[in-house]
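Reader: I'd like to learn how to read a binding site from coordinates. Can you walk me through one, pocket first and ligands after?

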Amino acid sequence: MPLSDLLTHIDPAGPEAALARSVNFDRLPKHVAIIMDGNGRWAAERHLPRVEGHRAGIESVRDTVESSARMGIEVLTLYAFSVENWKRPETEVSALMGLLRQYLRLELKTLLKNNIRFNVIGQRERLGREVREELEAAEQRTATNTGMLFNIALSYGGRAEIVDAARRAIREGIPADRLDEDTFASLLYTAGQPDPDLMIRTSGEMRISNFLLWQIAYAEIWVTDTLWPDFRCRHLLDAIIDFQKRDRRYGAVSSGPVTVGR
Ligand code: IPE
Ligand code: IPE
Ligand code: MG
C-alpha cells in the first residue's frame, strides 16, 4: 500500500504526511522526469565551491529515488549530466563523475532492498571506463528487480538521442513506410517505457535544456524555485498534487480529471 509505505518513512504528524494524504495514489503519474538544477547557485549562496552543491544534491537524489519507489511510481528519470555539460571545466566534470561513483557505492544496497531497477540513458561511450564499468555493474545487479525503473540520464541529449534513433532505423533497414511514431519510439533509449506524465524542473528555470525532447510531447511541466539540494519528498508530493489537478486534453476536448498515460 503506497500511502502506508510512505508514512512509515516520514513523520506521521508532520506536513509531509498531510501532503501524502492529499495524493490520490490510484492516479499517480506513471513516469516522473526531473531536471535537477541549481546545485551551483545553492553552493554560491553559501560561499562554497560548486562541487559542494553537487555533493549536497546527492541527498536529494537519495530521498527522491526512495520516496518515488515507496509511492509506487513506475518510472523515475533523473537528468544528471547533459551532453552540453561536457563543456564545463574538467575539474567540475571529474568531481561530478566521482560523486556519481560514490552514490552508486553507497546506494546500491538501498536500490536492491527497494526492488529498484537501475538504467543509464545517454551516450555512455563518452563516459570514462571506470565510471562505465561501475554503472554497468549496478545495471546488472538490479536487472531482475521488478519495482520502480530508475533511469539516470548521463551524457544525455534529446537531439542526440533522436539522431541515434534515426541512424539505427537506417542501419536496421526499416522501410520508410513502416517508420511510424511507435516504431521510432522503440528505437529510443526509453524503448518500452511510458512517456513522462510529469516533468519537474528545480531552480526556477523555464526551459527543457535538451531533455527527453521526443518523450515529453504531452508531459505536464512543474517548475519550482527550490534549488536541487533543497528538494525533498514534500516537493515531489506538491508536484504530484498539482499534477492531479491538471486537465490533460491531448489536443482533444476536456475529459475531466487527470488521466495517466494515453
Ligand atoms: C545541476 O546544477 C547539476 C548539473 C547540471 C550537473 P548546476 O551545476 O547546473 O547548478 P547551477 O544551475 O549552476 O546553479
Ligand atoms: C540541465 O541543467 C542539465 C542537467 C540538470 C543535467 P543545466 O544547468 O546544464 O542547464 P542550462 O545550462 O541552465 O540550460
Ligand atoms: Mg544549471
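Author: Sure, and keep in mind that this is a predicted model. Start with the space itself: the largest pocket holds about 660 Å³. It has 30 lining residues, and Met36, Asn39, Tyr79, Ala80 and Phe81 are the closest to its centre.

Reader: Which helices and strands each supply at least two residues of that lining?

Author: Look at helix 3 (39-45), helix 4 (50-71) and helix 5 (90-113), plus strand 2 and strand 4 (149-156).

Reader: And how do the residues of the lining divide by character?

Author: There are 16 nonpolar residues, eight polar ones and six charged ones in the lining of the largest pocket.

Reader: Now the ligands. Where does ligand 1 sit?

Author: To place a ligand, you ask whether more than half of its atoms lie within 2 Å of the pocket's grid points. By that test, ligand 1 sits in the largest pocket. Helix 3 and helix 4 are the elements that give two or more residues to the shell around ligand 1. Helix 3 has the largest share, with three residues.

Reader: Which residues are around ligand 1?

Author: The list runs Met36, Asp37, Gly38, Asn39, Gly40, Arg41, Arg50, His54, Ala80, Asn85, Arg88 and Leu96. By type, that shell has three nonpolar, five polar and four charged residues.

Reader: How do I pick out the polar contacts of ligand 1?

Author: Look for N or O pairs within 3.5 Å. For ligand 1, an oxygen atom is 2.7 Å from a side-chain N or O atom of arginine 88. The backbone takes part too: a polar backbone atom of glycine 40 is 2.9 Å from an oxygen atom of ligand 1, and a backbone N or O atom of asparagine 39 lies 3.2 Å from an oxygen atom of this ligand. As for cover, ligand 1 has 380 Å² of accessible area on its own, and the protein covers 86% of that.

Reader: What about ligand 2: which pocket does its space belong to?

Author: The space taken by ligand 2 is the largest pocket. Its surroundings are Ile35, Met36, Asp37, Tyr79, Ala80, Phe81, Ser82, Asn85, Arg88, Arg201, Arg207 and Ser209. Strand 2 (residues 75-82) gives the most to this shell, with four residues. Sorted by type, the shell around ligand 2 has five nonpolar, three polar and four charged residues.

Reader: Which side chains have an N or O atom facing an oxygen of ligand 2 at a listed distance?

Author: Take serine 209, where a side-chain N or O atom is 2.6 Å from an oxygen atom of ligand 2. For aspartate 37, the side-chain distance to an oxygen atom of ligand 2 is 3.2 Å. For arginine 201, the corresponding distance is 3.5 Å. On its own, ligand 2 has 390 Å² of accessible area, and 78% of that is covered by the protein.

Technical notes. Residues are numbered from 1 along each chain as its sequence is written. Chains are lettered from A and ligands numbered from 1 in the order in which they are written. This is a predicted model: local features need pLDDT of at least 70, side-chain atom pairs count only at pLDDT 80 or more; totals for chains, interfaces and linings use all residues. Side-chain values use heavy atoms; hydrogens and water are left out. A residue is near a molecule or strand if one of its heavy atoms lies within 4 Å of it. A polar contact is a pair of N or O atoms within 3.5 Å; within protein, one must be able to donate a hydrogen and the other to accept it, and residues adjacent in sequence count only if both atoms are side-chain atoms. Accessible areas come from the Shrake-Rupley method with a 1.4 Å probe; for residues, only the protein chains shown count as cover. On a 1 Å grid over the protein atoms alone, a cavity is a set of points where a 1.4 Å probe fits but cannot get out, and a pocket is an open set with protein on both sides within 12 Å along at least five of seven lines; lining residues have an atom within 4 Å of a point. Ala, Val, Leu, Ile, Met, Phe, Trp, Tyr, Cys and Pro count as nonpolar, Asp, Glu, Lys and Arg as charged, and the others, Gly among them, as polar. Grid points are joined across faces, edges and corners, and a volume is the space filled by probe spheres set on the points.
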